[in-house]
Amino acid sequence: MRHVAMTACRSLQFRLLSWKVDRMTIRSRRALVSRMLILVLFFAPVVAIAQAVTGVGFQAIAIHDPVNGGTTPGYVFYPSAQPSKTTWRGPYELHATPDAPPLAGAKPLVVISHGHGGSDLGHHDLAAYLASHGFVVATLEHPKDNFHDMSGVGTAAVLAGRPIQVKAAISELLHDPHWKTLIDPKRIGVTGFSAGGYAALMVVGAVPRFDLYVGYCERHPQDPDCGLLQKLQSQGTATAALAALQAGVDRWGKPDDPRVKAAFAMAPLSLVFDKAGLAHVDRPVFLYYGQDDRVLLPQENVLHIAPLIKTLAGITMIPKAGHYVFLSPCSPQLAKGAPDICKDPPGVDRVAAHQRINASALAFFRKTLGAATH
């Protein structure tokens, strides 16, 4: 962005020098002034965005889990006057300084929900990017559906519990003596990837219908996730199991959180939402997906729900990309240990993709949360 502004300024200077002063009339001088004012007004936001970047601090947090009891780990990223430094947490290379002093003043909050089997640092680059532009960003690790414990996959504790845990993270931060002074409770957004995108949609009003899995698995019987459902169908217990799962949606309270004003969903699990279930979404939603996603087929998920969301603010496709392109670019250590989620198809540059994703998220949350440059 800074380069764009500088290029425009050089172009303007060239035009000024190329005009001969002795041929300028009063009228042309006035026109020149008008042009200059227009350019200044046009590029002022670009310059402001570039100047708004700050250092980033982060701290570990423990969020109470109202679904399973106990606590779940997470992190808060926030703007700081102290320059960012490279910090390692396991295989994650964070561009943030641990325990750096935060900039004072209430800021918008964004909560990030990771995907199935993910981590509270799986989207650390997005967290640090938003924090560097004036946001407080919270991440959490969903119990029983993370990289070291997936024992709850397919149960109500995960499918109904995820949005409840996002709500709990918001409540905890708003009541914590340290964080509440740094957060504006009227400017809260949520973003999520895959199952985290599903949770983000529920937090802004979407209501799932789990019996939609039946039709999906009939259309795609080769999907590995349909194996359990097919087994239950062969036993004649699929209908009862899905009904029990549906009954558990509100078991820990309503997933919808009116405090959340916007949702940015990346490759969301969304085949369980229909027109009726999405009719309750009344806040802006932005959708992102990979063109060649083979984990959550776009036509069954994001492209299925896009025309059904009346508050859809935008939708963007990453050409040729698969499902895991939305995870932060991998360090060499992570790429070695988890090649399946780190390798992208030929022609896909994950670093470049994340520059676009992060910029889109920033623009979306700035607009929907009324977040000015700081």
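How many residues lie between β1 and β2 in their hairpin, and which residue in the turn has a positive phi? Keep that in mind while you load the chain. The model is predicted.

**Whole chain**

Show everything as cartoon. The protein chain holds 14 helices and 11 strands. Of its 374 residues, 51% are buried. Now switch on the surface. About 17600 Å² is exposed, and carbon and sulfur atoms supply 60% of that. Contacts are mostly long-range in sequence: among those between residues at least 6 apart, 74% join residues at least 24 apart.

**Stop 1: the hairpin**

Select β1 (55-64) and β2 (71-80). Here is the reply to the opening question: six residues separate the two strands of the hairpin, and G69 in the turn has a positive phi of about 85°. The strands run antiparallel, joined by 10 bridges. To check the register, pick G57; its bridge partner in β2 is Y78.

Stay on β1. Seven of its 10 residues are buried, so the strand is largely enclosed by the rest of the structure. β1 also runs parallel to β5, with two bridges between them. Pick F58 and you will find P98 of β5 opposite.

**Stop 2: the full sheet**

Add the other strands. Nine of them form an open sheet with mixed pairing, in the order β5-β1-β2-β7-β6-β8-β9-β10-β11. β5 (97-98) and β11 (312-318) are the edge strands, each pairing on one side only.

Next, select β6 (residues 107-113) and β8 (residues 183-193). They pair in the parallel sense over six bridges. K107 stands opposite I183 in β8.

**Stop 3: helices on the sheet**

Select α5, residues 161-175. This helix packs on the sheet and touches β1, β2, β6, β7 (136-140), β8 and β9 (260-266). Its direction makes about 115° with that of β1.

Then select α14, residues 350-368. It lies across β6, β8, β9, β10 (285-290) and β11. Against β9, α14 runs at about 165°.

**Stop 4: the cores**

Which residues touch the most other members of the largest nonpolar core? Select L109, F210 and F273; they do, in a core of 58 residues. The element that gives the most to this core is α5, with six residues.

Show F210 as sticks. Beyond its neighbours within four places in sequence, it is in contact with L159, Y198, L242, L245, Q246, V249 and V272. Another core lies apart from this one. It has 40 residues, among them L130, F193, A262 and A267.

**Stop 5: helix α9**

L242 and L245, both contacts of F210, take you to the last stop. Select α9, residues 238-247. Which of its residues are buried? Colour A238, L242 and L245. Look down the helix axis: the buried residues fall within an arc of 60°, so they line one face of α9. The spacing has a simple background. An α-helix has 3.6 residues a turn, so residues three or four places apart point the same way.

Rotate to the other side of α9. T239, A240, A244 and A247 are exposed there. Finally, bring in what covers the buried face. The cover includes α4 (156-159), α7 (212-219) and α8 (227-235).

Definitions and conventions: Residues numbered from 1 in each chain as written. Predicted model: local features only at pLDDT ≥ 70, side-chain atom pairs only at ≥ 80, totals over all residues. Heavy atoms only, no water. Buried < 20%, exposed > 50% of the residue type's maximum accessible area, 1.4 Å probe, protein only. Helix = DSSP H or I, 4+ residues; strand = E, 2+ residues; numbered from the N terminus. Arc of directions from axis to C-beta. Contact = heavy atoms within 4.5 Å. Pairing = 2+ DSSP bridges. Axes fitted to C-alpha atoms, helices over the stretch in contact; angles between N-to-C directions. Core = buried A, V, L, I, M, F, W, Y, C linked by side-chain atoms within 4.5 Å. Areas by Shrake-Rupley, 256 points an atom, 1.4 Å probe, with all protein chains shown as cover.
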